[in-house]
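Visitor: Could you walk me through this model and the terms used for it?
Guide: Gladly; here it is.

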Amino acid sequence: MSQDYNNDYVYNYQDPQLTEQQRIDSQQQVTPVQQDSSVKSWVNVTDSRYLKGFLIGAGLALVASNPKVQKAVVSGAVKTWSAVQGGIEEAKEKIHDIKAEAQSE
């Protein structure tokens with residue numbers, strides 16, 4: 001019984017009757033294409049993803065350099081940290097109360 005394999009998905013272990021040249025050809029088909037490693041590939045102004053990233057980064061830098069925004073971010077972080085610390089202290093008190101009730105019984 002002969003099996004029909006799709007050549008794009010043939011692995012060497014699936015078909016032992018592959019010739020050596022077919023094995024080499026199948027390995028070369030999955031070899032990744034070498035990409036340009038020059039700086040030019042980093043700054044591709046014709047790529048829409050590059051332009052979107054550039055604009056988002058520039059916008060974030062502009063907003064982050066605003067003193068009012070910096071003050072709001074810092075005060076928000078302080079309020080959040082205070083709330084977390086208060087929650088931890090409250091949990092400690094509840095655990096302490098539960099332990100005290102358990103010992104008194």
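Visitor: Why does W42 count as exposed?
Guide: W42 has 66% relative accessibility, and exposed means over 50% (buried is under 20%, partly exposed in between, with a 1.4 Å probe and protein chains only), so W42 is exposed. W42 sits in the loop between α1 and α2 (48–64).

Visitor: What should I know about the source?
Guide: This is a predicted model, with residues numbered from 1 along each chain as its sequence is written. Local features need pLDDT of at least 70 and side-chain atom pairs 80 or more, while totals for chains, interfaces and linings use all residues; side-chain values use heavy atoms, leaving out hydrogens and water.

Visitor: Which element has the lowest mean pLDDT, and which the highest?
Guide: On pLDDT, the predictor's confidence in each residue from 0 to 100, helix α1 (residues 20–29) has the lowest mean, 62, and α3 the highest, 92. The chain averages 78, and 61% of the residues score at least 70. Where pLDDT is low, the predicted coordinates should not be read in detail.

Visitor: How many helices and strands does the chain have?
Guide: There are three helices and zero strands, counted as DSSP runs numbered from the N terminus (helices: H or I, at least four residues; strands: E, at least two).

Visitor: How does the reach of α3 agree with the expected span?
Guide: The expected span is 1.5 Å times one less than the number of residues. Helix α3 (residues 67–104), with 38 residues, reaches 55 Å from its first C-alpha to its last, close to the 56 Å expected.

Visitor: What share of the chain counts as buried?
Guide: Of its 105 residues, 3% count as buried.
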